[in-house]
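Dear colleague,

Please find the structure below, followed by a summary of what was found in it.

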Amino acid sequence: MVCSAKYTGKARLDGKIAIVTGSNTGIGKFTVLDFVKRGARVIMACRDTDKAETAAKEIRKLSQDIENAGTVEVVSLNLGSLASVRQCAQEILNKCDNIHILVNNAGVMACPQGKTEDGFETQLGVNHLGHFLFTCLLLPRIIRSAPARIVNVSSSLHEYGTIQFDDMNMEKSYSATGSYCRSKLANVLFSHELAFRLQGTDVTTYSLHPGAVKTELQRHMDDTFFRGAEFIMKGFAALFFKTPEEGAQTSIYCAVDEKLADKTGLYYSDCKEKRASAKARDPETAKRLWEVSAEMVGLGSWDPFTAADGALPPTAT
């Protein structure tokens with residue numbers, strides 16, 4: 001059995017708008033359900049919109065008898081395509097006057113070697129670069145909506161990651177697990193640097209380890225390792241991993257708990273602050289990762305901290 005913290009805070013989100021990526025299943029779905037129960041208007045940003053619409057329907061049914069429940073809607077977001085990221089950001093900016101909570105939850109794990117639509121190594125491209133661009137494009141609106149929060153779902157495996165700036169696409173030496181760990185390290189570094197750059201804005205950032213959770217993240221095991229690996233992992237997960245609802249608790253805690261309103265750039269696990277690895281706390285690495293990431297996604301001279309609200313980069317190739 002897995003010991004898991006249960007967040008019991010009663011904070012309401014009435015009138016708040018929240019965005020959760022990758023939320024048609026797993027911990028993202030339960031994060032959305034919690035936000036809706038608290039009264040938020042929630043945008044589910046998902047690659048598979050059919051599955052997302054099915055999940056949204058289930059969430060509406062589960063919250064229909066709850067007084068002052070919020071609403072849920074779906075938008076298309078493929079984090080492996082910068083064009084999709086830009087299109088989704090534009091759609092959200094067109095329909096949402098404010099953005100109070102952004103939970104960067106979507107991710108892939110231990111994929112076979114491959115590349116995104118834009119030529120990035122898959123796990124770095126989806127888990128970090130896609131979310132990096134998505135956050136930056138929404139940032140002027142988030143800043144205007146302050147107080148607001150940005151939550152990045154990472155992993156304790158960030159401790160084993162290494163950022164090799166001379167081989168960002170892992171063309172010299174690819175490892176499925178090494179790539180995943182690197183992408184999760186990037187999530188924590190991104191949170192730290194974002195917190196530094198957002199000082200004085202009343203927008204706070206958080207990164208977290210949700211725990212080992214039974215989700216669809218294990219779906220690439222057979223392709224990456226050996227036939228039957230996914231079956232073995234699912235059996236192990238049934239005994240020792242958290243349920244998706246349990247895995248969502250720290251995401252919810254970071255997004256809504258009142259006591260964290262004046263905290264920023266920190267790392268959490270089981271609804272408690274935890275010290276991230278030394279690599280994840282290095283300010284020079286965080287700064288360089290930001291600069292390299294901005295170049296990779298084509299931000300150019302466009303600065304999300306000074307850009308006019310709603311004004312996206314003229315070009316991002």
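Of the 23 residues of helix 4, 21 are buried, so the helix is largely enclosed by the rest of the structure. Here buried means under 20% relative accessible area, with exposed over 50% and partly exposed in between (1.4 Å probe, protein chains only); helices (H or I, at least four residues) and strands (E, at least two) are DSSP runs, numbered from the N terminus.

This is a predicted model, in which local features need pLDDT of at least 70 and side-chain atom pairs count only at pLDDT 80 or more, while totals for chains, interfaces and linings use all residues. Residues are numbered from 1 along each chain as its sequence is written, and side-chain values use heavy atoms, leaving out hydrogens and water.

Helix 4 covers residues 122-144; at 1.5 Å a residue it should span 33 Å (1.5 Å times one less than its number of residues), which agrees with the 32 Å between its end C-alpha atoms. Helix 4 has a kink of about 50 degrees at Leu 138, shortly before Pro 140; the bend is the angle between axes fitted to the seven residues ending there and the seven starting there.

The whole structure holds 7 aromatic pairs (rings of Phe, Tyr and Trp, the last by its six-membered ring, with centres within 6.5 Å; planes under 30 degrees apart are stacked, over 60 edge-to-face, the rest tilted). In one of them, the ring centres of Tyr 7 and Tyr 253 are 5.6 Å apart and the planes lie at 65 degrees, so the pair is edge-to-face. Both Tyr 7 and Tyr 253 are buried. Phe 132 and Trp 290 also pair edge-to-face, at 4.9 Å and 75 degrees.

Yours sincerely
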